[in-house]
Amino acid sequence: MGLLVTALAAPAPVRANTPEDRAAAKEHLTQAQDLKKQGQLAEALGHYEESQRLDPKLTTAIDLADCAEQAGKLVEAQGYWAAARDLAKHDERPQSRAKAEQRLAGVEQRLPHLTLQLAADAPAGVQVLRDDVAVEPATLGTAVALNPGDHAVVVKAAGHDDAKYAVKLAESDNQTLPIAPGPATIVAAPPPPPSPKVVAPPPALPHDS
């Protein structure tokens with residue numbers, strides 16, 4: 001989603017849209033509007049994104065940002081409102097720009113942040129996953145904006161059990177979660193080698209006197 005937000009943030013289309021693009025964009029926009037009215041925000045969001053990709057427009061950008069915000073996708077809404085602001089600036093629409101800036105500021109105030117604080121004695125090569133996505137080591141110890149809701153953190157390290165953490169973020173939360181690898185993996189000692197089989201020597205033969 002982050003890459004899509006970046007792509008849709010361009011202030012102007014980078015290529016000329018074909019009539020087929022514009023027709024498809026209009027169809028996606030109609031579906032998005034109908035789904036949004038029915039409260040199916042997640043489904044509507046995908047159609048808004050595709051419509052804006054095919055035929056970027058300020059009105060669609062605003063609808064897209066509003067839908068993402070209503071769906072609780074605040075991280076995505078932050079990017080979309082910023083894109084709408086930039087499009088309004090490009091199109092010289094000061095009222096729309098002011099609206100986008102106001103909504104953007106509101107979303108930024110609502111965004112929760114989570115800081116993952118890795119234990120200082122964590123072994124080298126530790127890997128941290130947040131919601132099944134690898135976390136860049138440089139971001140550990142830094143507050144990162146996330147969507148409200150439940151998140152899962154897993155810490156992996158060679159020779160250790162996985163450590164799993166669950167965290168729930170409410171709007172405007174600013175939480176710090178101490179994390180560390182799990183206990184050292186207990187490796188069972190290999191069984192002792194079998195005792196060598198002792199072969200009894202053959203009986204001595206009698207000697208003639």
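In which sense, parallel or antiparallel, do strand β2 and strand β5 pair, and over how many bridges? In this predicted model, β2 (residues 127–130) and β5 (residues 149–156) are paired in the antiparallel sense, and four bridges connect them. One of the residues involved is Arg130, whose bridge partner in β5 is Val153.

Strand β2 also pairs with strand β3 (residues 133–134), again in the antiparallel sense, over two bridges. Here Arg130 stands opposite Val133 of β3. Arg130 thus has a partner in β5, namely Val153, and one in β3, namely Val133. The strands β2 and β3 form a hairpin in which two residues lie between them. Within the turn, Asp131 adopts a positive phi of about 55°.

A further sheet is open and consists of three strands in the order β4-β1-β7, with mixed pairing. Its edge strands, each of which pairs on one side only, are β4 (143–145) and β7 (174–179). From one strand to the next, the twist averages 30°. Strand β1 (residues 113–118) and β7 run parallel and are joined by six bridges. Among the paired residues, Leu118 has Ile179 of β7 as its bridge partner.

Turning to the helices, the axes of α2 and α3 come within 8 Å and cross at roughly 160°. Angles over 145 degrees count as roughly antiparallel, and α2 and α3 are therefore roughly antiparallel to each other. Their crossing is left-handed. On the α2 side, the contact is made by Asp21, Ala24, Ala25, His28, Leu29, Gln31, Ala32, Gln33, Leu35 and Lys36. The α3 side contributes Leu41, Glu43, Ala44, His47, Tyr48, Glu50, Ser51 and Leu54.

The largest nonpolar core comprises 26 residues. Those that touch the most other members are Leu45, Tyr48, Cys67, Tyr80, Trp81, Ala84 and Val107. Two or more residues are supplied to this core by each of α2 (19–37), α3 (41–54), α4 (58–70), α5 (74–90) and α6 (94–110). The greatest contribution comes from α5, which gives eight residues. A second core, separate from the largest one, contains 12 residues, including Leu116, Val128, Val167 and Leu169. Tyr48 appears both among the residues of α3 in contact with α2 and among the members of the largest core that touch the most others.

Terms used:
Residues are numbered from 1 along each chain as its sequence is written. This is a predicted model: local features need pLDDT of at least 70, side-chain atom pairs count only at pLDDT 80 or more; totals for chains, interfaces and linings use all residues. Side-chain values use heavy atoms; hydrogens and water are left out. A nonpolar core is a set of buried Ala, Val, Leu, Ile, Met, Phe, Trp, Tyr and Cys residues joined through side-chain atoms within 4.5 Å. Buried means under 20% relative accessible area, exposed over 50%, partly exposed in between (1.4 Å probe, protein chains only). Two strands pair if DSSP finds at least two bridges between them. Axes are lines fitted to C-alpha atoms, for helices over the stretch in contact, and angles run from 0 to 180 degrees between N-to-C directions. Angles under 35 degrees count as roughly parallel, over 145 as roughly antiparallel, 65 to 115 as roughly perpendicular and the rest as oblique. A crossing is left-handed if the near helix is turned anticlockwise from the far one by less than a right angle, and right-handed if clockwise. Contact means heavy atoms within 4.5 Å.
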